[in-house]
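Visitor: I'd like to learn how to read a fold like this one, feature by feature. Can you walk me through it?

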Amino acid sequence: MARPVREANHHSRSGADPFRDPEPAPGRASREENVHLRSGSDFFTETRSREAEAQDSPFRAAREELRLQGPVVTFPDGARIVLGHEGGRPIHRGTVAVRGPCAPSREELMGLGLTEPQARGLDFVLAWFGRPFDSVTSEPPSGAEPRWGAWPLSGPTLITALAHWKQHEPEAFDARLGRLGFEASALALFAEDPRLLAALARAGREHGAQRAQLETLVTHVLRPMLDSCAQSETAVDAPGGLFASARALALLFHSELRFSRRGVTRLVTLARERPEPPVAGEHAGERLAEDLRATGRSREASEVWRILTSPELADPS
């Protein structure tokens, strides 16, 4: 039987990019401007923010126990974090892989309320397109707030993850962050002070902190996204639904990771145009990859094709 002719890609013809963020308003100065870069100084030298320099700060002594020598931050117990830099700010690329021996298991993912296909899809996306649990980078485009962990989390979701960790393991939280004055500091302070950023990176090596990252991701990012799809009469992971398989769910999670809700909306729209179960989501993925390639996003297009073709996401026989 001949395959139906694929519909024309209107976005490709028009050159419009449905995934691009709105351009910033003209005339606004970027917060990414870095005074130390402009002056030619090295951010790996010992610097102090006004808060850390305050003589009456109860956390100053604890912070001074963290020794910064070049790119290396050494903790009182001898543990070390080696920092890099990107865009004029310190970062930690991470050392604890999502599928490594120091990471939570897939069973723990399912313990957070995920179905088996959801857990498989998320495991794949985190392993191939996420970051290590102990990674810390800066939030683009401002560069002023840290992005932490495997998804990674930033802003309110980062605060929520740390609050979950503190709630479940208050002693571990205090040992890694509380004693350094996390509750008395803005998130931007962790991105600006290499010692505090290193402390946040080291926190990501704690099993409880990793579970808090995943709990926040599932509860505050993925579950609302899946519920929104269900409310719009899109059967997500029900038998025969548009996104029933681990592969199709991985496409949804990848769209949320790379493009937020607008990417998910685009993928769901494409699936509804050819709603043949059980592979509607996968057909939508092929068309999404075409959209991405046509709008110059070859990297993201190749990521979608990796999801579509990986044997790791094949249905169990």
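**Reading the helices, cavities and odd angles**

Guide: Let's start with helix length. Helix α7 covers residues 155-168, and at 1.5 Å a residue its 14 residues should span 20 Å; the end C-alpha atoms are 20 Å apart, so the two values agree. Bear in mind that this is a predicted model.

Visitor: Which residues of α7 are buried?

Guide: For burial, the cut-off is a relative accessible area under 20%. In α7 that picks out Gly155, Leu158, Ala161, Leu162, His164 and Trp165.

Visitor: How far does α6 reach from its first C-alpha to its last?

Guide: Use the same ruler. α6 has 14 residues and reaches 20 Å, close to the 20 Å expected at 1.5 Å a residue. This helix is mostly covered, with ten of its 14 residues buried. The buried set runs from Gln118 through Ala119, Arg120, Gly121, Leu122, Asp123, Phe124, Val125 and Leu126, and then takes in Phe129.

Visitor: And what span should α13 have?

Guide: α13 (residues 280-294) has 15 residues, so at 1.5 Å a residue it should span 21 Å, and its end C-alpha atoms are indeed 21 Å apart. Its buried residues include Ala280, Gly281, Glu282, Ala284 and Gly285, and further along Arg287, Leu288, Ala289, Asp291 and Leu292 are buried too. After the helix comes Gly296, with a positive phi near 85°.

Visitor: Let's zoom out. How many helices and strands does the chain have?

Guide: There are 14 helices and eight strands. Of the chain's 317 residues, 47% count as buried. For the contact pattern, take pairs at least 6 apart in sequence: 66% of those contacts join residues at least 24 apart. As for the surface, the chain exposes about 15,700 Å², and carbon and sulfur atoms supply 52% of that.

Visitor: How many cavities of 30 Å³ or more does the structure hold?

Guide: Two. With a cavity, look at the volume, then at who lines it. The largest has a volume of about 70 Å³. Its lining is made up of Val98, Pro104, Ser105, Arg106, Leu109, Asp123, Leu126, Phe133 and Leu214. Both α5 (106-111) and α6 (116-129) supply at least two of the lining residues each. By character, the lining divides into six nonpolar, one polar and two charged residues.

Visitor: What lines the second largest cavity?

Guide: That one holds about 40 Å³ of space. Around it sit Trp148, Gly149, Ala150, Trp151, Pro152 and Leu153, together with Gln213, Leu214 and Leu217. Helix α11 (residues 207-231) gives the largest share of this lining, three residues. Here the split is seven nonpolar, two polar and no charged. Notice Leu214: it lines the largest cavity and also the second largest.

Visitor: Is the peptide bond from Trp151 to Pro152 cis or trans?

Guide: Omega is the angle to check. It is near 5° here, and the bond is cis. Pro152 is in the loop between β7 (146-148) and β8 (153-154). Both Trp151 and Pro152 are among the residues lining the second largest cavity.

Visitor: What about Val221, buried or exposed?

Guide: Val221 is in helix α11, and with a relative accessible area of 11% it is buried. To read its surroundings, skip the neighbours within four places in sequence: that leaves contacts with Trp151, Thr157, Thr216, Glu256 and Arg261. Its C-alpha is 9.4 Å from that of Ser260, a residue 39 places away along the chain.

Visitor: Which sign does phi have at Ser260?

Guide: It's positive, about 60°, although Ser260 is not a glycine. Ser260 has its place in helix α12, and its relative accessibility of 38% makes it partly exposed.

Visitor: How does Ser255 count, buried or exposed?

Guide: Ser255 lies in helix α12 (residues 246-273). Its relative accessibility is 0%, so it counts as buried. Apart from neighbours within four places in sequence, Ser255 touches Ser260, Gly263, Val264, Leu267 and Leu288. Leu288 takes us back to α13, where it is one of the buried residues.

Notes:
Residues numbered from 1 in each chain as written. Predicted model: local features only at pLDDT ≥ 70, side-chain atom pairs only at ≥ 80, totals over all residues. Heavy atoms only, no water. Helix = DSSP H or I, 4+ residues; strand = E, 2+ residues; numbered from the N terminus. Buried < 20%, exposed > 50% of the residue type's maximum accessible area, 1.4 Å probe, protein only. Contact = heavy atoms within 4.5 Å. Areas by Shrake-Rupley, 256 points an atom, 1.4 Å probe, with all protein chains shown as cover. Expected span 1.5 Å × (residues − 1). 1 Å grid on protein atoms, 1.4 Å probe; cavity = no way out; pocket = protein on both sides within 12 Å on 5 of 7 lines; lining within 4 Å. Points joined across faces, edges and corners; volume = space filled by probe spheres on them. Nonpolar A, V, L, I, M, F, W, Y, C, P; charged D, E, K, R; others polar.
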